[in-house]
Amino acid sequence: MRGGLWQLGQSITRRLAQAEKKVLASRCFASEAELKKTALYDFHVAHGGKMVPFAGWSMPIQYKDSIMESTLNCRENGSLFDVSHMCGLSLKGKDCIPFLEKLVIGDIAGLAPGTGTLSVFTNEKGGSIDDTVITKVTDDHIYLVVNAGCRDKDLAHIEGHMKSFTSKGGDVSWHIHDERSLLALQGPLAASVLQHLTKEDLSKLYFGHFKMIDINGAHCFLTRTGYTGEDGFEISVPSEHTVDLAKAILEKSEGKVRLTGLGARDSLRLEAALCLYGNDMEQHITPVEAGLTWAIGKRRRAEGGFLGAGVILKQIEEGPKIRRVGFSSSGPPPRSHSEILNTSGTALGEVTSGGFSPCLKKNIGMGYVKSGSHKVGTELKIVIRGKSYDAVITKMPFVPAKYYKPS
């Protein structure tokens, strides 16, 4: 098992580094002094956090627990993640929804106030600029969170289109929430622990729902969502209250919810078959190819009106040439860019994410293969360091999702 743990850690470190390298290709690696620090930096260090550079920030990859232990504890009890490196922003104005719908694939107008959805910013060719969680707070207020490594290009993209939109009389403005931090509380105990810290009845807040409420005395933006496949919340909190809130969550859990780093976060999202931008989604991958057709609402399919709509709607009608698939494999854990072959040795595509699953105790991965070779049960070969290993396409997610939804 020690060898398995070492392989898991190495695999995750490589995967995160690969994602960072792709989304930050135009930058030099920052020195420790140049790295940005979240409001919890000293708290992480005091609790044994192993700090590593990630998307220009100094972030904990793990604490005293191994990545294996942290992953299992999230599924059995709960985890608290610092995700303050991600970028939250608000769009306001009577035209904020029609403006945003020019840039993303989702039916934002169709959302009920206080609900949200996963969506994708697309380019003119239909490729993915970034994935994002978008919440319709009210008809004239949208709250969204974008990935840390994509922050600069996303904000430049939004700003450029906003200038053009407002110059033609459109009513939209924005605010980037750099004054706030973001915590993710995930796992079976998330709701019961957080309930101790607020008067709001969390049993009435379902998956994808959003509410502005007081938590531990601070005015927070609370979304029932996450990146693990477990029930949980993302909590946007004023930065000056972040340490107190983290302490309160850990104390109320009586040690069962543990601080958890990027390493376990990555293994959890892979088990949940969630995309990591820079690995599983990139500028040349469309949402249809990535298996996110469900995120394109019926109205958007009929009307289009977003960047790359022609390419994307044609793929929906005719089918994409490549598709994201999940697989399990033998041998060493599969690596990003490992070649995927059919059993005759013909190239089908490549791995985008892979590793050893702490929960399933076997290798899992995702990648893209040619359409027609994407069916569950299809046998494959994964090439690792020049040697082929058996694999088979499996259903995704690998670990069943446990989102809190109305019964």
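User: Before we look at empty space here, what is a cavity?
Analyst: On a 1 Å grid over the protein atoms alone, a cavity is a set of points where a 1.4 Å probe fits but cannot get out. Grid points are joined across faces, edges and corners, and a volume is the space filled by probe spheres set on the points. This is a predicted model: local features need pLDDT of at least 70, side-chain atom pairs count only at pLDDT 80 or more, and totals for chains, interfaces and linings use all residues. Residues are numbered from 1 along each chain as its sequence is written, and side-chain values use heavy atoms, with hydrogens and water left out.

User: How many cavities of 30 Å³ or more?
Analyst: Two. The largest has a volume of about 70 Å³.

User: What lines the largest cavity?
Analyst: V133, T135, Y143, V145, L182, F221, T223, T225, E234 and S236. Lining residues have an atom within 4 Å of a point. At least two come from each of β6 (128-138), β7 (141-146), β11 (218-223) and β12 (232-238). Strands are DSSP runs of E, at least two residues, and helices runs of H or I, at least four, numbered from the N terminus.

User: And the second largest cavity?
Analyst: That one holds about 40 Å³. Its lining includes H44, M59, D82 and R265. β2 (57-62), β3 (78-82) and α8 each give at least two residues. The split is five nonpolar, three polar and two charged. Ala, Val, Leu, Ile, Met, Phe, Trp, Tyr, Cys and Pro count as nonpolar, Asp, Glu, Lys and Arg as charged, and the others, Gly among them, as polar.

User: Is α8 largely enclosed or not, and why?
Analyst: Helix α8 (residues 262-271) is largely enclosed by the rest of the structure, because 10 of its 10 residues are buried. Buried means under 20% relative accessible area (1.4 Å probe, protein chains only). R265, D266, R269 and E271 are among those buried residues.

User: What follows α8?
Analyst: A273, with a positive phi near 60°.

User: Now pockets. How much space is in the largest pocket?
Analyst: About 1200 Å³. α1 (2-23), β5 (115-122), β6 and α8 each give two or more residues to its lining. A pocket is an open set with protein on both sides within 12 Å along at least five of seven lines.

User: Which residues lie nearest its centre?
Analyst: L118, V133, G226, Y227 and L274, out of 49 lining residues. The lining divides into 28 nonpolar, 14 polar and seven charged.

Conventions: Buried means under 20% relative accessible area, exposed over 50%, partly exposed in between (1.4 Å probe, protein chains only).
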